[in-house]
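Student: I am new to this structure and would like the terms explained as we go. Please show it to me before we begin.

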Amino acid sequence: MNQTVLLGIETSCDETAAAVAVDGGAGPASWEIRSSVIASQVDIHREWGGVVPELASRQHLRDICGVVERALADAEVDWSRPDAIAVTQGPGLVGSLLVGVAFAKALAVALERPLVPVHHLAGHIESLFLCHPELPLPSIVLVVSGGHTSLYHLPGPGTYHLVGRTRDDAAGEAFDKVAKLLGLAYPGGPIIDRLAREGNERAIRFPVARITHADRTKAPTMVTLPGLPRRAAGGMDFSFSGLKTAVARHLQHRRIGGQPPPTDGELADICASFQRAVIDALLERAFEAVRRFGACSLGVAGGVSANSRLRVLATTEGSACGVPVFFPTLHLSTDNAAMIAAAGLRRFRAGGVASLDLNAQATLPL
Ligand code: KG4
Ligand code: ZN
C-alpha cells in the first residue's frame with residue numbers, strides 16, 4: 001500500500017501542537033512520527049492558577065503558523081507534501097479548537113488536500129498504539145487527563161466503546177484543584193507526584209466515592225461483545241469532587257484547631273494520601289472493566305498517565321493478574337499532535353474525511 005504523509009494539528013486546550021506522521025501502509029507497526037512540535041502556554045496560565053480560555057485562544061492564534069512551519073521543517077517536508085491534514089475537532093475549549101480547525105481548513109483548501117477530523121480522546125488512545133503497535137486486543141483503555149476520566153473497551157482497531165466515565169471532576173482536574181488548595185503551582189499533577197514521593201500514603205484516610213446509583217444524566221452505554229448479548233455497561237464510573245472536598249475539610253479542620261500551616265513533611269503526607277486515593281479508584285475500576293470484558297490488556301493514556309505511582313502500581317497489579325499494562329512515553333502522555341496525527345492516519349485509512357463546513361465541537365462524543 002502507498003505511503004501516506006499526514007500533518008496533525010492540536011489546539012484543544014493550552015498547547016499549540018503540530019506533527020508530521022507517515023503511514024507505511026501496514027497499520028500502527030508502520031506508523032512513524034517524523035516531527036512533533038509543542039508550544040506550551042503553561043507559563044501564561046500558571047499566573048492565573050488554571051487555563052484562561054480567552055488567553056488560550058489568542059495565544060494559539062499567535063503560535064499556530066510558527067508551530068506548523070517548524071513541524072514541516074523538522075520533518076524535512078514542504079507545505080505541499082502532506083497527503084492529508086488532520087485536526088482535533090473536539091472536545092475542548094471551543095475558542096482554542098476553532099483556531100486549529102480554521103487553520104486546518106485553510107490549509108486543506110489551499111493545498112487541495114482532504115481534511116480529517118480527530119476526536120481528542122481518540123488521539124490519547126492512539127498514542128498507545130504509536131508506542132506499542134503490538135498492544136493486544138480486545139483491550140480496556142483508561143483515558144485520564146485534565147478534562148476527562150473515561151474507560152473505553154476496544155474490541156478491535158479504531159473502535160472505542162465508552163464503558164465508564166467521571167460523574168464530576170476529571171482526575172487531572174482533582175490533582176490541579178487540590179494543588180491549588182495546598183498553595184502549589186499549576187499544573188498541580190506533576191508537583192503532587194513529586195512531593196508525594198517523600199510522603200506516607202497511609203497518613204490520612206481520604207474517602208473515595210463509590211458510585212452505586214444509575215447515571216440519570218445519560219442513557220446507558222450498550223456494549224456488544226462477540227458471542228454475548230448486548231449489555232449495559234455500568235458500575236464503572238468515577239467521582240473525584242468529594243475527594244477534593246475531603247482535602248479542603250482536612251485543611252480547614254487544621255486551621256480551626258489552631259494548627260500552623262502544614263510543614264513540608266505534612267504536605268508530602270497529604271499529597272501522597274490524596275494521590276493514593278485517586279490511583280486506587282482508577283485502578284479498581286480499570287481492572288474491574290478488564291475482568292468484565294475479558295480484555296487481554298490494559299492501556300492507560302492522557303496527562304495523568306505520566307504519574308509515576310500510577311505507572312508502578314498499574315504494572316505491578318497487571319503482572320499479578322497476568323494482564324499486560326501499556327503506557328505511552330512521557331512525551332506522548334500529555335497533549336501533543338503526534339497522537340492526533342496517529343488517530344488521523346487511522347481515520348483517513350477508514351475513509352473518515354470531513355467537508356469544509358467542519359465545525360469545532362466543545363463536547364464531541366467519541
Ligand atoms: O492530557 P493533558 O495534557 O490535557 C488534557 O487533555 O486535559 O492532561 C493534563 C493533566 C493536568 O491536569 C495535569 O495536572 C495532569 O494531566 N498531569 C499529571 C501528571 N502530569 C500531568 N497528574 C498526575 N501526575 C503527573 N505526573
Ligand atoms: Zn488531552
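Student: Leaving aside neighbours within four places in sequence, which residues is L282 in contact with?

Tutor: L282 is in contact with L142, V144, T149, A171, F238, F240 and L310, where contact means heavy atoms within 4.5 Å. This is a predicted model, in which local features need pLDDT of at least 70, side-chain atom pairs count only at pLDDT 80 or more, and totals for chains, interfaces and linings use all residues. Residues are numbered from 1 along each chain as its sequence is written, chains are lettered from A and ligands numbered from 1 in the order in which they are written, and side-chain values use heavy atoms, with hydrogens and water left out.

Student: Which residues touch the most other members of the largest nonpolar core?

Tutor: L151, F206, F240, F274, L282 and L298 do, in a core of 49 residues. A nonpolar core is a set of buried Ala, Val, Leu, Ile, Met, Phe, Trp, Tyr and Cys residues joined through side-chain atoms within 4.5 Å. Helix 8 (264-293) is one of the elements that supply at least two residues, and its share of 16 residues is the largest. A second, separate core of 33 residues includes A84, A86, A122 and A343.

Student: Why is S57 called buried?

Tutor: Buried means under 20% relative accessible area, exposed over 50%, and partly exposed in between (1.4 Å probe, protein chains only). S57 has 15%, so it is buried. The residue is found in helix 2 (residues 53-74); helices (H or I, at least four residues) and strands (E, at least two) are DSSP runs, numbered from the N terminus. Beyond four places in sequence, S57 touches G95, S96 and V99.

Student: Why are E76 and E112 called exposed?

Tutor: E76 has a relative accessibility of 74%, so it counts as exposed. E112 has a relative accessible area of 70% and is therefore exposed too. Phi of E76 is near 55°, a positive value in a residue other than glycine. E112, in the loop between helix 3 and strand 5, also has a positive phi near 55°.

Student: How do you know that the span of helix 3 is close to the expected one?

Tutor: The expected span is 1.5 Å times one less than the number of residues. Helix 3 (residues 94-111) has 18 residues, and 26 Å is expected; from its first C-alpha to its last the helix reaches 25 Å. Its buried residues include S96, V99 and F103. Helix 2 and strand 1 (4-10) are among the elements that cover the buried residues of helix 3.

Student: What makes H120, H124 and D335 protein donors of the zinc ion (ligand 2)?

Tutor: Donors are N, O and S atoms within 2.8 Å of the metal (3.2 Å for Na, K and Ca); water is not among the atoms, so sites may look incomplete. H120 (NE2), H124 (NE2) and D335 (OD) lie 2.0 to 2.1 Å from the zinc ion. H120 lies in helix 4 (residues 120-131) and D335 in the loop between helix 10 (330-333) and helix 11 (338-349), so the pair ties together parts 215 residues apart in sequence.

Student: Why is the site of the zinc ion (ligand 2) called irregular?

Tutor: Four donors count as tetrahedral if all angles lie between 85 and 135 degrees; four count as square planar and six as octahedral if opposite donors are over 155 degrees apart and all others between 65 and 115; anything else is irregular. The angles among the four donor atoms here are 96 to 144°, so the site is irregular.
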